[in-house]
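Q: Could you take me through the largest pocket in this structure, slowly and in plain words? I'd like to know what sort of residues line it, and how the strands around there are put together.

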Amino acid sequence: MTKYSAELERHTVGYREDLGGTVEEYLTYRLTSFENELSINFRFRNQVLSRYYLTIIEGSPIYSVPQSTNLVEFSQGLLQKYQNYAGGSYLDEMRNMLASVTQVENTEKIEDDLKLSITTEGNDAEIRWAKTTNGIDYQAKGVILTFDDGVLESLTDGWLLFNVGSTEVNISEQEAIQLALQHAKEYSWIVDGVEITDFVVIEQPVSVNLWPHIRDEPLDLIPYWYVVFKLDKVYSGNVNSIGVGLWADTGKVSGYQTSYIG
């Protein structure tokens, strides 16, 4: 920090009613030196670090000690420092699991109820640990490290905040696709006061994921299918896709999302 001038740009505290009244605090620091400028965002939930996010505005980060260029080794050290700060035996389990990996490459491992997934794209990488039960990955209950060109971009931790609320899946993937298709065709959205109803849904290819979400209890994760269909063209509102969310236990629609997919 001695090489940087630090300025607190943002400090806000609020309550997330959708997360059971969780106290959410944000801090943003601007770090500047002669050749470098960084923005670092911290999010705390109930006074526990929930997310760190680095934005490089100019130059590159300056470190007080040399950093390992081996991302597995770097991540091991980072988790150890994070555990020294935050505590939590779950971080021990994550470090032990990572110890079986020699290099950052596309990898997936499961030990007991913990899943390690490593994905890479060029010089970027993501290392993710998540709670897994009965073949369901509870992504929000986990820890994620992302790297941009070898630099730690973000750390996200939701392990202690979220709970496994249910493992019940009564709707199969194919059933979810068919239900979502029916609902997508019946959906409409409003642009400048005009309801958009005349559009064509392309049935294939389709994107479908099982992403547990919160429902009745604000911190309990319930299995949830999210199905995305592309449309035949771009419609008003810059929309060329519709996403439909359905609860995996009941098949009921949770919500819709219109978006543009390039």
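A: Sorted by class, the lining of the largest pocket has 23 nonpolar, four polar and one charged residues. Here Ala, Val, Leu, Ile, Met, Phe, Trp, Tyr, Cys and Pro count as nonpolar, Asp, Glu, Lys and Arg as charged, and the others, Gly among them, as polar. Before we go on, keep in mind that this is a predicted model: local features need pLDDT of at least 70, side-chain atom pairs count only at pLDDT 80 or more, and totals for chains, interfaces and linings use all residues. Residues are numbered from 1 along each chain as its sequence is written, and side-chain values use heavy atoms, with hydrogens and water left out.

So what is a pocket? On a 1 Å grid over the protein atoms alone, it's an open set of points where a 1.4 Å probe fits, with protein on both sides within 12 Å along at least five of seven lines; a lining residue has an atom within 4 Å of a point. The largest one has a volume of about 980 Å³, where volume means the space filled by probe spheres set on the points, and points are joined across faces, edges and corners. Its lining is made of 28 residues, and Ile 40, Tyr 52, Tyr 63, Leu 78 and Leu 152 lie nearest the centre.

Two or more lining residues come from each of these elements: strands S2 (22-32), S3 (37-45), S4 (48-58) and S9 (151-157), plus helix H1 (71-86). Helices (H or I, at least four residues) and strands (E, at least two) are DSSP runs, numbered from the N terminus. H1 gives the largest share of the lining, six residues.

Now for the strands. Two of them pair if DSSP finds at least two bridges between them. S2 and S3 are antiparallel partners over nine bridges, and Glu 24 stands opposite Arg 45 in S3. The two strands form a hairpin with four residues between them. On the other hand, S2 also pairs with strand S1 (residues 5-16), again antiparallel, through 11 bridges. There Gly 14 has Glu 24 in S2 as its bridge partner. S1 and S2 make a hairpin too, with five residues between them, and Gly 20 in the turn has a positive phi of about 70°.

S4 pairs with S9 in the antiparallel sense over three bridges, and Tyr 52 sits opposite Leu 155 in S9. S9 has another antiparallel partner, strand S8 (residues 136-148), joined to it by six bridges. In that pairing Phe 147 stands opposite Leu 152, which is one of the residues nearest the pocket's centre. S8 and S9 form a hairpin with two residues between them, and Asp 149 in the turn has a positive phi of about 55°. S9 is mostly covered, as five of its seven residues are buried (under 20% relative accessible area with a 1.4 Å probe, protein chains only; over 50% is exposed, and in between is partly exposed).

One last link: H1 turns up again in the largest nonpolar core, giving the most to it with six residues. A nonpolar core is a set of buried Ala, Val, Leu, Ile, Met, Phe, Trp, Tyr and Cys residues joined through side-chain atoms within 4.5 Å. This one has 34 residues, and those with the most contacts inside it are Met 94, Leu 98, Leu 116, Ile 127, Trp 129 and Leu 145.
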